[in-house]
Amino acid sequence: MASPSPPELRPPRRSKHPSRTDPLGAFGFNNPKAAFALALLAADAVLVSLIIAYVPYTKIDWDAYMSQITGFLGGERDYGNLKGDTGPLVYPAGFLYVYSFLQYVTGGDVYPAQLPWWALSLLCLSKRVHSIFVLRLFNDCFAMTLLHAAIAALLCQKWHLGLVIFSGAVSIKMNVLLFAPPLLLLMLKAMDIFGVVSALACAALVQILLGLPFLLSYPIAYISRAFNLGRIFIHFWSVNFKFVPEPVFVSKGFALSLLLAHLVLLTAFAHYRWCKHEGGLLNFVLSIFESLKLRFALTSSHSFPKSHGGSSKILKKEYIVSTMFAGNFIGILCARSLHYQFYSWYFYSLPYLLWRAPFPTLLRIILFFGVELCWNIYPSNFYSSLVLLGLHLLLLWGIWHAPPEYPYADDKSSMQDKDE
């Protein structure tokens with residue numbers, strides 16, 4: 001029998017975690033995809049610097065934001081008295097805290113605030129999104145940044161943390177609520193009903209704490225202004241539905257029709273796509289009630305297993321992203337008015353949704369740049385808004401016909417996720 005080799009001649013053991021032995025691996029530098037993403041970020045950082053240096057800032061909402069912040073910092077707590085050049089303040093309290101911080105670090109000047117270190121690599125592909133984030137500093141930028149942070153937490157199965165961040169995003173701008181229906185469905189799949197209730201309570205607590213100075217002083221003014229769902233947008237600024245005559249555009253009938261379409265599409269996707277593996281939406285809801293009924297029965301009979309951990313399950317990352325992005329896109333499609341800054345609401349999800357759809361690559365690229373072109377036509381017109389609607393409908397058709405994903409991770413991957 002051969003004698004064992006000396007320790008110094010033995011090959012080193014391969015670590016289960018490469019990042020512990022390879023410092024580059026800790027940051028993903030040896031991954032070609034990660035290296036390419038970093039190169040995109042570096043290139044976009046240079047591009048953003050050039051935009052700030054050479055493209056004039058467009059005065060749209062920044063001065064109005066600073067006027068509203070000045071009143072808040074001056075001690076005003078009545079939302080009815082917080083106004084700017086563009087009108088009264090109509091965003092929840094989180095908006096005030098974010099822009100108060102920006103005013104503190106920039107002195108109210110726009111140039112020092114134009115530092116989008118959080119810019120994603122996808123920004124390299126859109127002139128309009130660069131304009132929204134770098135030149136105009138809309139609150140949509142901060143709301144969507146927090147929203148993406150919330151999704152990142154959900155991908156790590158951190159549901160309570162995700163709901164807290166999600167609520168913070170809602171406190172800046174309520175368009176984030178378009179993600180709420182698919183998010184609720186994901187929560188019901190990932191947690192038992194008590195986990196869902198506690199996560200929603202955490203989200204509600206965030207809203208209460210952020211709005212507390214206004215709720216204690218002028219609660220009616222705050223709630224009516226910050227959470228006004230009945231606002232009517234100006235027809236001229238609409239990027240979509242510009243082909244609809246203005247009397248129809250501002251009518252309640254048109255708004256109710258779009259709301260009905262939104263609900264029907266969400267229900268159809270939930271029943272036939274997102275809950276397909278549970279036998280449909282109705283069967284899924286009934287299974288929740290049956291599980292809850294069984295749990296109460298076991299608890300009341302004192303036979304509830306001590307080791308029982310609830311019905312928490314690990315959801316696949318792809319399923320979470322697909323459901324969230326598709327649900328938000330349905331809301332975009334059915335929105336009565338999309339202003340130019342609203343492009344940021346779904347731009348980041350476009351490549352993912354296009355590659356989920358069963359389209360040839362050439363068609364995906366055409367659709368992507370077609371949407372970009374429609375958003376860069378100013379002012380929007382009959383034809384650009386009609387083309388945008390057609391592109392949206394084609395993409396919705398593709399999402400509908402995408403292969404349905406099994407929502408749950410297998411036992412092996414579930415255990416790995418729990419261990420990590």
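**Group meeting: a walk through a predicted helical model**

Okay, let's start with one residue. Setting aside neighbours within four places in sequence, His-339 is in contact with Phe-233, Ile-234, Trp-237, Ser-238, Val-239 and Trp-375. Where does His-339 sit? It's found in the loop between α13, residues 317-333, and α14, residues 350-356. And is it buried or exposed? At 14% relative accessibility, and with the cut-off for buried at under 20%, His-339 counts as buried.

Before going on, I should say that this is a predicted model. The protein chain has a mean pLDDT of 79, with 76% of its residues reaching 70 or more. There are some weak patches, though. Residues 116-120 have pLDDT below 50, and beyond near neighbours in sequence that stretch has eleven contacts in the model. Residues 411-420 are also below 50, and there the model has five contacts beyond near neighbours in sequence. The usual caution applies: where pLDDT is low, the predicted coordinates should not be read in detail.

Now the overall picture. The protein chain has 17 helices and two strands. It has 420 residues, and 43% of them count as buried. If you take the contacts in the chain with a separation of 6 or more, 75% are between residues 24 or more positions apart.

Here's one pair from far along the chain. Ser-217 and Glu-76 are 141 residues apart in sequence, and their C-alpha atoms are separated by 9.7 Å. Ser-217 is in the loop between α8, residues 193-215, and α9. With 32% relative accessibility, Ser-217 counts as partly exposed.

Back to Trp-375, which we met as one of the contacts of His-339. Trp-375 belongs to α15, and it's also part of the contact that α15 makes with α16. So let's look at that helix pair. Helix α15 covers residues 361-375 and α16 covers 382-400; they pack at an angle of about 150 degrees, with axes 9 Å apart. Angles over 145 degrees count as roughly antiparallel, so that's what we call α15 and α16. Their crossing is left-handed.

Which residues make the contact? From α15 we have Leu-367, Gly-370, Val-371 and Cys-374 along with Trp-375, and from α16 come Ser-384, Val-387, Leu-388, Leu-391 and Leu-394. Sorted by class, that's eight nonpolar residues, two polar and no charged ones.

The loop between these two helices is worth a stop as well. Pro-379 is found there, and a cis peptide bond joins Tyr-378 to Pro-379, with omega at about -10 degrees.

While we're on backbone geometry, a general reminder: most residues other than glycine have a negative phi, and most peptide bonds are trans. Two residues go the other way on phi, so let's take them in turn.

One is Gln-157, which isn't a glycine but has a positive phi of about 65 degrees. Gln-157 lies in the loop between α5, residues 139-155, and α6, residues 159-170. Is Gln-157 buried or exposed? Its relative accessibility is 15%, so Gln-157 counts as buried.

The other is Phe-241, also not a glycine, with a positive phi near 55 degrees. Phe-241 is in the loop between α9, residues 219-226, and α10, residues 246-249. Phe-241 is buried too, with a relative accessible area of 8%.

That's what I had; happy to pull any of these up on screen.

How values were computed: Residues are numbered from 1 along each chain as its sequence is written. This is a predicted model: local features need pLDDT of at least 70, side-chain atom pairs count only at pLDDT 80 or more; totals for chains, interfaces and linings use all residues. Side-chain values use heavy atoms; hydrogens and water are left out. pLDDT is the predictor's confidence in each residue, from 0 to 100. Contact means heavy atoms within 4.5 Å. Axes are lines fitted to C-alpha atoms, for helices over the stretch in contact, and angles run from 0 to 180 degrees between N-to-C directions. Helices (H or I, at least four residues) and strands (E, at least two) are DSSP runs, numbered from the N terminus. Angles under 35 degrees count as roughly parallel, over 145 as roughly antiparallel, 65 to 115 as roughly perpendicular and the rest as oblique. A crossing is left-handed if the near helix is turned anticlockwise from the far one by less than a right angle, and right-handed if clockwise. Ala, Val, Leu, Ile, Met, Phe, Trp, Tyr, Cys and Pro count as nonpolar, Asp, Glu, Lys and Arg as charged, and the others, Gly among them, as polar. Buried means under 20% relative accessible area, exposed over 50%, partly exposed in between (1.4 Å probe, protein chains only).
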